[in-house]
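User: Could you take a close look at one part of this model for me? I would like to understand the surroundings of a single loop residue, and then how the rest of the chain is put together.

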Amino acid sequence: MLTAGALGAEELRTTEWSGIVAVAAGNVHTARNTGRSHTVGLRKDGTVLATGWNNAGQCDVHDWSDVVSIAAGWRRTLAVLADGSARATGRRNEGANAVEDWSELVAVAAGDWHSVGLRGDGTVLAVGSTRRGQCEVAGWRDVSAIAAGYLHTAALITDGRVVAVGDRSVGVLDVPAWRDVTALSAGSRHTVAVVAGGRVLAAGDNSHGQCDVDQWRDVVAVAAGSAHTLGLCSDGTVLAAGSDDDDDDGQCTTTGWQLAPAQ
């Protein structure tokens, strides 16, 4: 595994991990009282590893098994099990961990204070704080992928369109105009998508340059953080934008990375 970020941070202590097939970073909106995070890894045998900040028990995943998908939010970890049920650990104050009754899931996404689940029939569930309407997803249909940010939720429809709900300042009114989208990710206050042909679109807050992706090409996957964006190119190289201010922790130092290209 390769990592980038603040030297010595507990969430980067993954060098001893092995057999990892997916990872999730506990993202959180940038503010004076935030900054600590955790990292979760899904192993090919269905077990889960976690490292980093654990004040709410978000890293207490050592007894999980039969996991097929993971997500990490602020002080929270989510998982989809092989039987389509969900599991959660961590902060419970806003109700975002109340996923025990969910079923027929294929994926989950974790915002700061809300959780989102995608069912096999293309419908979407959401629970937790909805003070900006970020959990108003009951009418969505034909969804193929989901993403959750600080105060918004976005989804990729099977025909390549994107829908979003939540705080209007993060671009939820802009993304419905996107077409031919193949991949989607939500940062704290921005949304990023890959379109057919490998171009990248972004909407929302760009105060750190996290939406400066219009020149990217041959991208096959994207990941959006609190104030930065990463893109995986077809040749295995990694692009990064954002978090370029004086308190940058190095999360965009991906030059020289060479990952296995997506198949």
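Analyst: Happy to help; here is a walk from one glycine out to the strands, cores and side chains of the chain. Please keep in mind that this is a predicted model.

Let's begin with glycine 225, which sits in the loop that links β16 (219–224) to β17. Is this glycine buried or exposed? Glycine 225 counts as buried because its relative accessible area is 8%, which is under the 20% cut-off. Which residues does glycine 225 touch, once neighbours within four places in sequence are set aside? The contacts are Asn27, Gly187, Ser188 and His190. A further distance helps to place the loop: the C-alpha atom of glycine 225 is separated by 8.9 Å from that of serine 185, although the two positions lie 40 residues apart along the chain count.

Following the chain onward from this loop brings us to β17. This strand, residues 228–233, pairs with β18, residues 238–242, in the antiparallel sense, and five bridges hold the pairing. Within the pair, leucine 230 stands opposite alanine 240 of β18. The two strands make a hairpin with four residues between them. In that turn, glycine 236 has a positive phi of about 90°.

A second piece of strand architecture is an open sheet of three strands, ordered β1-β2-β3 and paired antiparallel. Its edges are β1 (20–25) and β3 (48–52), each of which pairs on one side only. On average, neighbouring strands of this sheet are turned by 20° against each other, direction ignored. Looking at one pairing in detail, β2 (residues 38–43) is joined to β3 by five bridges, and the two run antiparallel. Glycine 41 has leucine 49 of β3 as its bridge partner.

Now for the packing. The largest nonpolar core has 15 residues, and the members that touch the most others are Val162, Val175, Trp178, Val181 and Leu184. Four strands each supply at least two residues of this core: β11 (152–157), β12 (162–166), β13 (181–186) and β14 (190–195). Of the strands, β13 gives the most, with three residues. Valine 175 is a good place to look inside: leaving out residues up to four places away in sequence, valine 175 touches Val162, Ala164, Thr191 and Ala203. There is also a second, separate core of 13 residues, with Ala109, Val137, Ile146 and Val165 among them.

For a polar example, turn to arginine 119 in strand β8 (residues 114–119). A polar atom of the arginine 119 side chain lies 3.2 Å from the backbone oxygen of serine 103. Serine 103 also appears among the contacts of arginine 119 beyond four places in sequence, together with Glu104, Leu105, Val106 and Leu125.

Stepping back to the whole chain, the secondary structure comes to 18 strands and zero helices. Of the 263 residues, 54% count as buried. Among contacts with a separation of 6 or more, 38% are between residues 24 or more positions apart. The accessible surface of the chain comes to about 12100 Å², and carbon and sulfur atoms account for 45% of that area.

Methods: Residues are numbered from 1 along each chain as its sequence is written. This is a predicted model: local features need pLDDT of at least 70, side-chain atom pairs count only at pLDDT 80 or more; totals for chains, interfaces and linings use all residues. Side-chain values use heavy atoms; hydrogens and water are left out. Two strands pair if DSSP finds at least two bridges between them. Axes are lines fitted to C-alpha atoms, for helices over the stretch in contact, and angles run from 0 to 180 degrees between N-to-C directions. A nonpolar core is a set of buried Ala, Val, Leu, Ile, Met, Phe, Trp, Tyr and Cys residues joined through side-chain atoms within 4.5 Å. Buried means under 20% relative accessible area, exposed over 50%, partly exposed in between (1.4 Å probe, protein chains only). Contact means heavy atoms within 4.5 Å. Accessible areas come from the Shrake-Rupley method with a 1.4 Å probe; for residues, only the protein chains shown count as cover. A polar contact is a pair of N or O atoms within 3.5 Å; within protein, one must be able to donate a hydrogen and the other to accept it, and residues adjacent in sequence count only if both atoms are side-chain atoms.
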